[in-house]
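This report describes the pockets of one structure and a helix beside them. Please look at the sequence and the model before reading on.

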Amino acid sequence: MLNKDHPRYQSLVYREKIVEAHENGILADSGMIAHGRGETFDYLIGEKTTPNSQNTIDVAACYFLTRKHPVLSVNGNTTALVSEDIAKLSELLDIPVEINLYYRTPERIENIERVYKDLGVKEILGTDEDDFIDTPNLNGPRSPVSIEGIKKSDLVFIPLEDGDRAEKLYDLGKDIISVDLNPLSRTAQTSTVTIVDNIVRVIPALIESVKKYENYDKTDIQEKIDLFNNKTNLNIAIKDIIKRFE
Ligand code: PTJ
């Protein structure tokens with residue numbers, strides 16, 4: 001049993017979720033390493049949503065509310081940490097969840113699909129290898145994408161994505177919202193909107209933000225999008241980390 005008085009209680013809770021997901025055939029072995037890297041960056045940003053990240057989450061909400069075919073791409077780490085909130089976001093926006101694994105195996109696809117089915121997600125894509133991202137240089141296990149989902153989408157939400165794939169999605173002309181605690185990663189640098197924050201805080205905040213902005217006028221939502229610049233966002237995120245060292 002975890003002791004709630006432990007100074008790093010929350011962090012230990014998430015570690016337990018990660019270990020459990022690994023035991024249940026949901027998390028890739030490398031997912032543990034990726035989580036550790038995320039913990040380090042989270043420590044550096046102060047383990048909280050900064051004002052800049054909150055603004056970026058609001059911009060992401062505005063993108064979701066203005067695009068025709070957004071899709072939520074999920075992997076092992078996202079499923080381990082925030083599957084319930086992903087299900088809520090999918091219901092709120094009425095958009096599909098696409099299972100998209102770097103280390104793709106039929107067993108992991110099945111295990112992850114079961115999680116979202118049990119949570120009542122209406123449309124779960126990416127379970128059949130029904131189409132491929134149409135680029136000659138992307139031959140990794142993460143190539144398959146669903147025709148109804150990512151292939152058709154105009155906006156892809158990619159938490160904890162690897163850089164090669166983010167670049168290919170960008171080349172395909174998709175708008176990309178990524179969640180990545182490392183503001184220097186290729187995924188962070190390639191995305192249309194990069195939320196430099198922990199996925200465990202981002203999805204609940206995004207749900208609240210969508211509920212807020214869905215009552216706004218379309219022109220105000222568009223203005224919020226137009227005023228956003230991802231390079232500026234990333235520079236502020238890097239400066240926020242430097243400030244912590246000072
Ligand atoms: O489940 P799969 O097979 O699709 O594999 C998923 C992983 C994450 C193993 C795979 O995509 C991978 O190897 O990713 P990378 O290249 O390690 O990138 C993961 C990025 O996510 C790193 O920049 C981490 O800092 C960041 N990250 C880790 N944990 C979190 C995070 N960002 C936000 N929230 C987190 N909790």
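What volume does the largest pocket have?

## The largest pocket

The largest pocket has a volume of about 1100 Å³. A pocket, on a 1 Å grid over the protein atoms alone, is an open set of points where a 1.4 Å probe fits, with protein on both sides within 12 Å along at least five of seven lines; lining residues have an atom within 4 Å of a point. A volume is the space filled by probe spheres set on the points, which are joined across faces, edges and corners.

The lining of the largest pocket counts 47 residues, and Ala-34, His-35, Gly-38, Asn-77 and Leu-160 lie nearest its centre. Helix α2 gives the most to this lining, with twelve residues. By type, the lining residues of the largest pocket divide into 18 nonpolar, 15 polar and 14 charged. Here Ala, Val, Leu, Ile, Met, Phe, Trp, Tyr, Cys and Pro count as nonpolar, Asp, Glu, Lys and Arg as charged, and the others, Gly among them, as polar.

## Basis of the model

The model is predicted: local features need pLDDT of at least 70, side-chain atom pairs count only at pLDDT 80 or more, and totals for chains, interfaces and linings use all residues. Residues are numbered from 1 along each chain as its sequence is written, and side-chain values use heavy atoms, with hydrogens and water left out.

## Helix α2

Helices are DSSP runs (H or I, at least four residues), numbered from the N terminus. The 17 residues of α2 (residues 29-45) should span 24 Å at 1.5 Å a residue (1.5 Å times one less than the number of residues). The end C-alpha atoms of α2 are 26 Å apart, which agrees.

Gly-31, His-35, Gly-38, Phe-41, Asp-42 and Ile-45 of α2 are buried (under 20% relative accessible area, 1.4 Å probe, protein chains only). They lie on the same side of α2, because they cover an arc of only 125 degrees around the axis (taken from the directions from the helix axis to the C-beta atoms). On the other side of α2, Asp-29, Ile-33 and Arg-37 are exposed (over 50%). The buried residues of α2 pack against α1 (9-23), α4 (76-93), α9 (199-213) and α11 (230-245).

## The second largest pocket

The second largest pocket holds about 380 Å³ of space. It is lined by 16 residues, and Lys-17, Thr-79, Ala-80, Leu-81 and Ser-83 are the closest to its centre. Helix α4 supplies the largest share of this lining, seven residues.

Methods. Helices (H or I, at least four residues) and strands (E, at least two) are DSSP runs, numbered from the N terminus. Contact means heavy atoms within 4.5 Å.
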